[in-house]
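Let's take a walk through this structure together, one piece at a time. Have the picture open beside you as you read.

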Amino acid sequence: MIDLQVELPGLKLKNPLMPASGCFGFGREYSKFYDLSLLGAVMMKAATGEERSGNPTPRVAETSSGMLNAIGLQNPGVAKIIKEEVPFLANYDTAVIANVAGSTVEEYEEVATKFNQTSDVHALELNISCPNVKEGGIQFGTDPEMAKHVTEKVKQASNKPVYVKLSPNVSNIVAMAKAVEEAGADGLTMINTLTGMQLHLPSRRPLIANKTGGLSGPAIKPIAIRMIYEVRQATNIPIIGMGGIQTAEDVLEFLLAGANAVAVGTANFQNPLILPELISELPEVLRKYGFSSVKEAVGKAVIE
Amino acid sequence: MKNTENEGWKNMRKVKMKLLEIREIAKDTIEMKLTDNYITEVAKPGQFISIALPNYTLPRPISIANIDRDKQELTLLFKIMGKGTNELAGFIPGAEIDCFGPNGNSFPLMSGEMTKVLLIGGGIGVPPLYYLGKQLKKQGIKVVSILGFQSSENVFYEKEFARLGETFIVTDDGSYGMKGFVTDAVTSVPSFNAYYACGPTGMLRALTTQLHNKTGYISLEERMGCTVGACAACVIPTTEGGYKKICHDGPVFAAEEVIL
């Protein structure tokens with residue numbers, strides 16, 4: 001038997017696979033395709049203090065081996081999410097990770113405080129890396145001092161374990177990871193999308209209305225692997241890895257680089273059954289490469 | 001009035017559809033006939049399916065142009081717009097295509113309330129109206145169709161719509177049928193209970209303004225991400241405030257429900 005279980009701060013996962021925030025809504029749509037209890041966890045779409053309507057359309061564009069998105073954190077606001085969406089996910093035997101977003105430190109604190117009041121949320125993912133909103137989001141994710149400050153404040157506002165989502169749009173990812181580790185982060189999730197742009201030749205205009213968007217999909221996987229590897233060498237807190245995962249072999253690659261668990265985002269769009277398929281395929285891939293458990297593979301990249 | 005059949009997406013499933021026939025029916029316009037035993041059983045007029053092409057990141061949402069339930073056959077019409085649709089146009093009969101659906105809501109049929117309806121399609125917005133028109137006709141409702149295209153080389157399904165009822169073809173350049181826009185032809189249809197329209201946003205905006213005192217349903221198009229309602233890429237502002245998701249709450253909306 002291959003052991004898929006993973007234990008992380010606040011999270012007892014039956015397997016290391018979960019949907020990435022923003023690619024899965026609050027689970028309702030994909031629950032029509034399969035039983036969400038199959039999943040290790042669900043990472044909910046970002047929550048802000050108040051409802052946000054997001055950016056103008058078009059909000060997505062396909063790229064070579066990926067896609068750009070600029071949704072702009074559209075969400076019904078934390079109160080409605082706790083009232084309407086969290087109870088829905090509580091029907092399933094899976095861990096629930098709430099994604100906390102905001103424009104100001106106070107808003108992050110407010111959202112974290114509210115999620116702290118529900119026992120159906122098991123951990124927080126601190127979204128300091130959304131590239132698609134004018135205020136907040138990414139600037140907290142590109143300045144180590146600001147990242148440290150907001151992490152400390154959210155830690156104080158909540159008893160729940162806090163996983164900080166790191167942006168790859170920085171020159172020194174290790175400095176960011178160390179800053180939030182010092183601030184008390186219980187874990188890291190990485191990577192968020194890379195800021196990109198694509199032009200439509202006939203009109204000479206950007207393909208998405210926000211001009212720039214976050215690049216995701218297999219195009220960014222090597223960057224995610226490199227950054228997870230670098231951060232694994234320099235920090236001790238667990239990492240939930242993400243960025244272009246499409247196959248069970250990709251999952252193993254993330255584990256080897258140092259991820260303790262993984263999230264799948266963009267790949268859900270092309271194949272709504274990708275997560276249950278990867279969960280069923282992972283044991284065979286682990287066995288094939290000589291591992292008897294997920295835990296055993298973590299950080300086992302041989303790099304001399 | 002709200003779109004009334006909002007629960008279609010509850011039936012979504014991932015399936016493999018086998019390609020039976022493929023042909024170009026107008027310039028860059030492809031007709032595909034596919035078979036499967038699930039989607040052809042449950043899909044309703046106005047719904048669409050998502051096609052997952054190998055080596056692409058996003059699914060291609062394509063509206064259902066027709067279903068023959070007895071033969072388990074589904075017809076899709078699409079326009080070659082870029083690399084993905086060009087690749088899809090290159091599939092040969094026998095190919096198995098990864099799909100999921102049926103997605104979105106459907107056109108409300110309102111049987112018993114109507115005796116005559118107007119179908120108004122523009123370009124590649126025409127296809128979903130065909131399956132709708134067939135269902136309406138089956139219910140004994142008189143169907144009149146106005147189909148607008150850029151030019152004669154873009155015209156398709158004229159005969160098919162003519163079998164449903166009186167059909168007017170309009171082209172922008174006058175190279176076929178009437179010269180002008182679908183809004184010009186609407187004035188030649190004296191009375192109808194409701195209209196159903198699908199086409200470019202500019203056309204829908206002009207139509208819903210022109211027909212503001214009529215009951216109307218419009219099917220919208222937008223660049224989509226997940227196509228199932230999870231990613232919030234394809235949204236449309238509503239008259240009540242806030243946004244609706246086109247792939248999930250639509251693609252069919254009551255004309256007064258959304259801000260185009």
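A good place to start is where the two chains meet. Chain A and chain B bury about 2,500 Å² between them, and 58% of that area is on carbon and sulfur atoms. Keep in mind as you look that this is a predicted model. If you wonder about that kind of figure, the size of an interface is often given as the accessible area lost when the parts come together.

How many residues does each chain bring to this meeting? Chain A has 32 residues in contact with 29 residues of chain B. Between chain A and chain B there are 13 residue pairs in polar contact, with both partners at pLDDT 80 or more. On the chain A side, three elements each supply at least two residues to the face that touches chain B: β5 (60-63), β6 (66-69) and α8 (267-270). Of the face that chain A turns to chain B, the largest share comes from β5(A), with four residues. Sort the residues of that side of chain A by type and you get 13 nonpolar, 13 polar and six charged.

Charged partners also reach across here. The count between chain A and chain B is three salt bridges. To find a salt bridge yourself, look for K245(B) and E29(A), whose closest N and O atoms are 3.8 Å apart. Zoom out to the whole structure, over all chains, and the number of salt bridges is 18.

Now let's stay with chain A for a while. Its secondary structure comes to ten helices and 16 strands. Computed along no particular view but along its principal axes, the C-alpha trace of chain A spans about 50 × 50 × 45 Å. Is that compact or spread out? With 304 residues, a compact globule would have a radius of gyration near 19 Å, and chain A agrees with that at 18 Å.

There are a couple of spots inside chain A to pick out. One is the salt bridge between D93(A) and K14(A), where the closest N and O atoms are 3.3 Å apart. This pair links distant parts of the chain, since the two residues are 79 residues apart. You'll find D93(A) in the loop between α1 (78-90) and β7 (95-100) of chain A, while K14(A) is in the loop between β2 (11-13) and β3 (17-19) of chain A. The other spot is L73(A), in the loop between β6 and α1 of chain A. What stands out about L73(A) is its phi, near 60°, which is a positive value in a residue other than glycine.On to chain B, with seven helices and 15 strands in its secondary structure. The radius of gyration of chain B is 17 Å, close to the 18 Å that the globule rule gives for 260 residues, so chain B is as compact as a globular protein of that length. Its C-alpha trace spans about 50 × 40 × 35 Å along the principal axes.

Chain B can also be split up. The domain assignment gives domain 1 (8-103) and domain 2 (116-254) of chain B. Between the centres of these two domains, taken over C-alpha atoms, there are 20 Å. Where they touch, domain 1 of chain B contributes 28 residues and domain 2 of chain B contributes 23.

What do the two domains share at their interface? Domain 1 and domain 2 of chain B bury about 2,100 Å² between them, with 64% of that on carbon and sulfur atoms. Across this interface the rule finds zero salt bridges, but it does find six residue pairs in polar contact, both residues at pLDDT 80 or more. On the side of domain 1 of chain B that touches domain 2, the strands β1 (13-26), β2 (29-35), β3 (48-52), β4 (60-68), β5 (73-79) and β6 (96-103) each supply at least two residues. β4(B) gives the most to that side, with six residues. By type, that side of domain 1 of chain B divides into 16 nonpolar, seven polar and five charged residues.

Before you leave chain B, look at two of its prolines. The peptide bond from G101(B) to P102(B) is cis, with omega near -5°, and P102(B) lies in strand β6 of chain B. The peptide bond from G250(B) to P251(B) is cis too, with omega near 10°. P251(B) sits in the loop between α7 (246-249) and β15 (252-254) of chain B.

Definitions and conventions
Residues are numbered from 1 along each chain as its sequence is written. Chains are lettered from A and ligands numbered from 1 in the order in which they are written. This is a predicted model: local features need pLDDT of at least 70, side-chain atom pairs count only at pLDDT 80 or more; totals for chains, interfaces and linings use all residues. Side-chain values use heavy atoms; hydrogens and water are left out. Domain bounds come from an automatic or database domain assignment. Contact means heavy atoms within 4.5 Å. Buried area is the accessible area (1.4 Å probe) that two parts lose on being put together, summed over both. A salt bridge is a side-chain nitrogen of Lys or Arg within 4 Å of a carboxyl oxygen of Asp or Glu. A polar contact is a pair of N or O atoms within 3.5 Å; within protein, one must be able to donate a hydrogen and the other to accept it, and residues adjacent in sequence count only if both atoms are side-chain atoms. Ala, Val, Leu, Ile, Met, Phe, Trp, Tyr, Cys and Pro count as nonpolar, Asp, Glu, Lys and Arg as charged, and the others, Gly among them, as polar. The radius of gyration is taken over C-alpha atoms; the globule rule is 2.2 Å times the number of residues to the power 0.38.
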